[in-house]
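The following exercises concern the architecture of one protein chain. Each task is followed by a solution in steps.

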Amino acid sequence: MRASSEFLATLVLVLVSVSSVAHGDPLVPALIIFGDSVVDVGNNNNLNTLIKSNFPPYGRDFVNHRPTGRFCNGKLATDFTAEYLGFTSYPPAYLSRDAIGNALLTGANFASAASGLYDSTANLYRAITLTQQLNYYREYQTKLVNMAGNSGANNIISGAIHLLSAGSSDYIQNYYINPLVSRIYTPDQFSDILIRSYTTFIQVSFSICIYL
């Protein structure tokens with residue numbers, strides 16, 4: 001009986017969620033993204049870096065059939081995530097001209113191709129380090145407060161989904177090709193460094209949310 005009740009409660013929650021999305025109400029107030037090329041939607045476009053994708057054939061299967069800075073011919077996993085959550089637009093690249101006004105009320109994308117959990121990885125390619133992404137995130141929250149007030153900004157941040165995709169570049173574009181790193185650290189030691197960086201990221205991002 002208890003199992004049936006739990007199943008019914010879950011079913012009702014799913015139906016409510018589907019109904020909410022069907023009526024144009026996103027399941028969460030915002031989607032906030034950090035990371036590397038897997039989720040970058042154009043932050044590298046105006047950086048002094050070789051790691052860019054704002055040229056054909058990138059974007060040929062995207063909505064506008066033009067390169068946007070996504071390292072993909074179409075949509076990224078985070079684009080599909082935004083759609084499934086009920087959003088009618090995607091979180092804009094924070095450094096793009098689209099990241100203004102009401103567009104920021106439903107989230108922002110701070111990801112940068114060639115970035116990693118380890119800041120030195122991003123520095124090799126002049127990408128945006130994870131530390132700098134958090135600095136932009138802090139700046140973003142200030143903008144939210146200016147637009148929605150403290151209470152409104154707090155509701156957006158506390159209810160938002162925060163997504164991080166990083167780590168592969170640390171190995172592929174740093175450890176495996178950089179003798180200055182691979183000769184100093186074993187793979188396990190380097191993994192420990194990445195785990196510490198990840199832990200710091202979580203702690204700092206959480207503290208930013210607390211003191212909003």
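## The sheet and its surroundings

In this predicted model, three strands make up an open sheet with the order E2-E1-E3 and parallel pairing.

**Exercise 1.** Determine which strands are the edge strands of the sheet.

*Solution.* Step one: the strand order reads E2-E1-E3. Step two: strand E2 (107-109) and strand E3 (161-165) each pair on one side only, and these are therefore the edge strands. Step three: ignoring direction, neighbouring strands of the sheet are turned against each other by 15° on average.

**Exercise 2.** Describe how strand E1 is joined to E2.

*Solution.* Step one: strand E1 comprises residues 31-35. Step two: three bridges link E1 to E2, and the two run parallel. Step three: at the level of residues, Ile32 stands opposite Ala108 in E2.

**Exercise 3.** Which strands does helix H4 lie across, and at what angle does the helix run to E1?

*Solution.* Step one: helix H4 spans residues 130-159. Step two: helix H4 lies across E1, E2 and E3. Step three: the helix runs at about 170° to E1.

**Exercise 4.** Place these elements in the chain as a whole, and characterise its contacts and surface.

*Solution.* Step one: the protein has seven helices and three strands, and from the N terminus on the elements run α-β-α-β-α-α-β-α-α-α. Step two: among contacts with a separation of 6 or more, 64% come from residues 24 or more positions apart. Step three: 39% of the 212 residues count as buried, taking under 20% relative accessible area as the cut-off. Step four: the accessible surface is about 11700 Å², and 58% of this belongs to carbon and sulfur atoms.

Terms used: Residues are numbered from 1 along each chain as its sequence is written. This is a predicted model: local features need pLDDT of at least 70, side-chain atom pairs count only at pLDDT 80 or more; totals for chains, interfaces and linings use all residues. Side-chain values use heavy atoms; hydrogens and water are left out. Helices (H or I, at least four residues) and strands (E, at least two) are DSSP runs, numbered from the N terminus. Buried means under 20% relative accessible area, exposed over 50%, partly exposed in between (1.4 Å probe, protein chains only). Contact means heavy atoms within 4.5 Å. Accessible areas come from the Shrake-Rupley method with a 1.4 Å probe; for residues, only the protein chains shown count as cover. Axes are lines fitted to C-alpha atoms, for helices over the stretch in contact, and angles run from 0 to 180 degrees between N-to-C directions.
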